[in-house]
Every structure is written in structure tokens, then in C-alpha cells.
Amino acid sequence: PVSQTVCSGTNVTFTVVATGGGLSYQWRKNTIDIGGAISASYTITGVTAGDAGNYDVVVTGACGTVTSNTAVLTVNAATVISTQPLSQSVCTGANVTFTVVASGTGISYQWRKNTINIGGAISASYTIIGVTVGDAGNYDVVVTGTCGTVTSNIAVLTVSELCKGRGH
């Protein structure tokens, strides 16, 4: 069997080719027998993080027993946004920060205003210093990982020039 790296939720199959008479198979994970895994291939449907580990197969025939090499299953986490950026209303001159909380394997960020990428805005937070009326708009972030791309909800930035208590 061959080591594999897959995304959670996908399927994976390990296969062994053996020769000899009267062969039987027993697949193992971390040297523990897997119930019902008794053919030349073993498939895991809907892989989860708990499926990661070392897999091998014990092949028994009329002339003896052999154990295959170990195949390592690595499971990469899906790209997920757990906390969305929030809409904000501010006065001109204020500072504003949009933040997203995301998880997954190999994630990167790209913030956008009105669906257009903002140059250099590639972290989990995006800050505008000294907001102007021109900064008003719809902001979101595209989070890309090894196991997919997700786009956050839109956070609306409303900017007012007339704020009480600010001498405008």
C-alpha cells in the first residue's frame, strides 16, 4: 500500500497485491486489526481526522504470513470560517478593523472591497487607518486552504461625515 494525503470528507483506498495460494487479508491501523477489512483493498469513506494513522495488511497464505509495508494516511483539515467579519458604522477619521477566524490546512487570506482584491490585505484581519467616505462599501475575505476555498459573509462599512461630539 502507498501512503496518502487527503482532505477530510473524501474517500481513500489502500490496495495490496500479493501472490500465493489460499490468500487471506487482514488490514490494520496502528497495528490493530480493523474489523471486516479482509480483502486486497481497504476503503475509508468520508475520511475524518481520526482516520489518520499507519495502515498495513497481514497477508496469510498456504506457505506463510507476511506483513506489508506501512502506508501513512495524513488527513488535511477542511477550510472553514468559524467567525465572520462584522459590519461597522464609523465616523470619518476613525480606524476600523475587520477580522475573520478560519481554520484548515495551509490557509491564506485575501480581503476584498466590493468583490475587488485589496492589495496586501492577506492576513486574518484588515485595518483601515483614518477612514474616509470613499472607504464605505462591502468587505469580505476569501480564505483558501489545501482543502478548499470559502468566502466570508459581507461586512458593510458605513462611514459618516456628520458625527455628534466630533465638531462636524
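What follows is a short exchange about a predicted model of one protein chain.

Biologist: How many helices and strands are there in the protein chain?

Modeller: This is a predicted model. The strands run up to β18, which spans residues 155-160. For the protein chain, the count is zero helices and 18 strands.

Biologist: Is the chain a compact globule or more spread out?

Modeller: For 168 residues the globule rule gives 15 Å. The radius of gyration is 26 Å, well over that value. The C-alpha atoms fill a box of roughly 95 × 25 × 15 Å along the principal axes. The chain is therefore more spread out than a compact globule.

Biologist: What percentage of the residues count as buried?

Modeller: Buried means under 20% relative accessible area. The protein chain exposes about 9000 Å², with carbon and sulfur atoms supplying 54% of it. Of its 168 residues, the buried share is 35%.

Biologist: Among contacts between residues at least 6 apart in sequence, what percentage join residues at least 24 apart?

Modeller: One contact of this kind pairs proline 85 with Ser152. Another pairs valine 159 with Val90. Across the protein chain, the share is 60%.

Biologist: How far apart are the mean positions of the positive and negative charges?

Modeller: The chain has 6 positive and 6 negative charges. Each set has its own mean position, and the two are separated by 11 Å.

Biologist: Which residues do ring pairs link into a cluster?

Modeller: The structure holds eight aromatic pairs. Ring pairs build a cluster from these residues: Phe14, Trp27, Tyr42 and Tyr55.

Biologist: Is arginine 28 buried or exposed?

Modeller: Arginine 28 lies in strand β3, residues 24-29. Beyond its sequence neighbours up to four places away, it touches Asp33, Ile34, Asn54, Tyr55, Asp56, Val58 and Thr67. Its relative accessibility is 17%. The cut-off is 20%, so arginine 28 counts as buried.

Biologist: Where does proline 85 lie, and what is its burial class?

Modeller: Proline 85 sits in the loop between β9 (80-83) and β10 (88-91). Leaving aside neighbours within four places in sequence, its contacts include Phe98, Trp111, Ser152 and Asn153. At 4% relative accessibility, proline 85 counts as buried.

Biologist: How far apart are the C-alpha atoms of proline 85 and isoleucine 154?

Modeller: Along the chain, proline 85 and isoleucine 154 are 69 residues apart. In space, their C-alpha atoms are separated by 7.4 Å.

Biologist: Which residues does serine 152 touch, not counting those up to four places away in sequence?

Modeller: Serine 152 lies in the loop between β17 (148-151) and β18 (155-160). It has 7% relative accessibility, so it counts as buried. Its contacts are Ile81, Gln84, Pro85, Asp140 and Val141.

Biologist: Which residue lies 7.4 Å from valine 159, C-alpha to C-alpha?

Modeller: Valine 159 is in strand β18, and at 14% relative accessibility it counts as buried. Its contacts include Val90, Cys91, Val131 and Val133. The residue asked for is 24 places away in sequence: aspartate 135.

Biologist: How far is glycine 137 from serine 39, between C-alpha atoms?

Modeller: Glycine 137 is in strand β16, residues 137-145. It is buried, with a relative accessible area of 14%, and it touches Lys113, Asn114, Ala155, Val156 and Leu157. Serine 39 is 98 residues away along the chain, and the C-alpha separation is 58 Å.

Biologist: What is the phi of asparagine 30?

Modeller: Most residues other than glycine have a negative phi. Asparagine 30 is in the loop between β3 and β4 (32-33), and at 36% relative accessibility it counts as partly exposed. It is not a glycine, yet its phi is positive, at about 50°.

Biologist: Is threonine 115 buried or exposed?

Modeller: Threonine 115 is in the loop between β13 (108-113) and β14 (116-117). Its phi is positive, about 70°, although it is not a glycine. Its relative accessible area is 57%. The cut-off here is over 50%, so threonine 115 is exposed.

Conventions: Residues are numbered from 1 along each chain as its sequence is written. This is a predicted model: local features need pLDDT of at least 70, side-chain atom pairs count only at pLDDT 80 or more; totals for chains, interfaces and linings use all residues. Side-chain values use heavy atoms; hydrogens and water are left out. Helices (H or I, at least four residues) and strands (E, at least two) are DSSP runs, numbered from the N terminus. Buried means under 20% relative accessible area, exposed over 50%, partly exposed in between (1.4 Å probe, protein chains only). Contact means heavy atoms within 4.5 Å. Rings of Phe, Tyr and Trp (its six-membered ring) pair if their centres lie within 6.5 Å; planes under 30 degrees apart count as stacked, over 60 as edge-to-face and the rest as tilted. The radius of gyration is taken over C-alpha atoms; the globule rule is 2.2 Å times the number of residues to the power 0.38. Accessible areas come from the Shrake-Rupley method with a 1.4 Å probe; for residues, only the protein chains shown count as cover. Lys and Arg count as positive and Asp and Glu as negative; His and the chain ends are not counted. The place of a charge is taken as NZ of Lys, CZ of Arg, CG of Asp or CD of Glu.
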